[in-house]
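Biologist: Please take a close look at one part of this protein, the pairing of neighbouring strands, and then walk me outward from there to what surrounds it. I am in my first year, so please go slowly.

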Amino acid sequence: MKRKMLMSMLAAALSASLLAGCGSTPKPADSWLEEHGVTITPQGDSSVRFYSYNSYPEDYVDDFMADVNVTISETTEGAEEGFKKVVAEITYDVVKHPDACTSWMYSYGVFDRDTGVYFRGDAKTKEAVAIEGEYFDVRTEWNRNAQYPICHATYTLDCPVDYDGAVFLFGYCTPEMEEIFNQIDFTTRLYTLDELPYDMESLRYWTLTDE
């Protein structure tokens, strides 16, 4: 009888410990984006935070919200054989800037959603993406046309036709961030977005598929 009671108590204790353990182990992140808290913004209208200054970047005035519209498309026109161009069209309105400011700062870029690897601005990034075990170079190009208060920019990524992992970013930047960024030698190795002087929570992120 005592043995049965002891066995029952052990079974109950084991069940309780198993139940207590349920849910105690965090669910692993499904992707680099999830692991780093990156949320994709649907294409269309949104807003981003800008840094504003008076005459010199170090003469900070205030942050303000700029209205932004983003659309992303892809084409093989003008691309090398086996490659395509993924183009982010970014239109932003700075009419809400503080009266005392004369200019503003922002960040832009593009990186790989699976690895977080950052693609160099207006340059080639060697062996940046992998497709079926083979590594490929990518290249980016930034163009901007400003007609105050509306500014229009295009950010183009040249990449393999089978590549679908590009994430475009746009948003907050400060002189301190820019200074650190400009000191990085991107020719020595690949960098991931979280290694760079970005305020990741203050950025907006977009993809071709909104996913």
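Modeller: Before we look at any pair, we need one rule, namely that two strands count as paired if DSSP finds at least two bridges between them. Please also keep in mind that this is a predicted model, and that every value below is computed from it.

Let us start with β7 and β8, which run antiparallel and are joined by nine bridges. One of the residue pairs you can find there is Trp-142 with its bridge partner in β8, Tyr-155. The two strands form a hairpin, with two residues between them.

On its other pairing, β7 meets β6, again in the antiparallel sense, and here five bridges join the two strands. If you follow individual residues across this pairing, Lys-124 has Arg-139 of β7 as its bridge partner, while Thr-125 stands opposite Val-138, also in β7. β6 and β7 likewise form a hairpin with two residues between them, and in that turn Glu-132 has a positive phi of about 50°.

A separate place to see pairing is an open sheet of three strands, in which the order is β5-β9-β10 and the pairing is antiparallel. Its edges are β5 (residues 107-112) and β10 (residues 203-206), each of which pairs on one side only. From one strand to the next, the twist of this sheet averages 25°. Between β5 and β9 there are six bridges, and Phe-111 can be found opposite Val-167 of β9.

Now let us step from the strands to the side chains packed among them. In soluble globular proteins, nonpolar side chains tend to be buried together. In this model the largest nonpolar core has 34 residues, and those with the most contacts inside it are Phe-50, Tyr-92, Phe-119, Leu-157, Phe-168 and Phe-170. The strands we began with take part, since β6, β7 and β8 are among the elements that give two or more residues to this core, along with β1, β2, β3 and β9. Leu-157 is a useful residue to follow, and if residues up to four places away in sequence are not counted, its contacts include Val-86, Val-110, Phe-119, Val-138, Tyr-163 and Phe-168. Val-138, which we met opposite Thr-125, is therefore also a residue that Leu-157 touches. Apart from this core lies another one, of 18 residues, among them Val-38, Phe-181, Tyr-191 and Leu-203.

Two cysteines deserve a careful look as well. Cys-159 counts as buried because its relative accessible area is 0%, under the cut-off of 20%, and Cys-173 is also buried, with a relative accessible area of 6%. A disulfide is a covalent bond between the sulfur atoms of two cysteines. A search of the whole structure finds zero disulfides.

Finally, we can place these details in the whole protein, which contains three helices and ten strands. Read along the sequence, two helices come before a run of nine strands, followed by another helix and a final strand. Of its 211 residues, 41% count as buried. The accessible surface comes to about 12,500 Å², and carbon and sulfur atoms account for 50% of that area. Among contacts between residues at least 6 apart in sequence, 63% join residues at least 24 apart.

Technical notes. Residues numbered from 1 in each chain as written. Predicted model: local features only at pLDDT ≥ 70, side-chain atom pairs only at ≥ 80, totals over all residues. Heavy atoms only, no water. Helix = DSSP H or I, 4+ residues; strand = E, 2+ residues; numbered from the N terminus. Buried < 20%, exposed > 50% of the residue type's maximum accessible area, 1.4 Å probe, protein only. Contact = heavy atoms within 4.5 Å. Areas by Shrake-Rupley, 256 points an atom, 1.4 Å probe, with all protein chains shown as cover. Core = buried A, V, L, I, M, F, W, Y, C linked by side-chain atoms within 4.5 Å. Axes fitted to C-alpha atoms, helices over the stretch in contact; angles between N-to-C directions. Disulfide = S-S within 2.5 Å.
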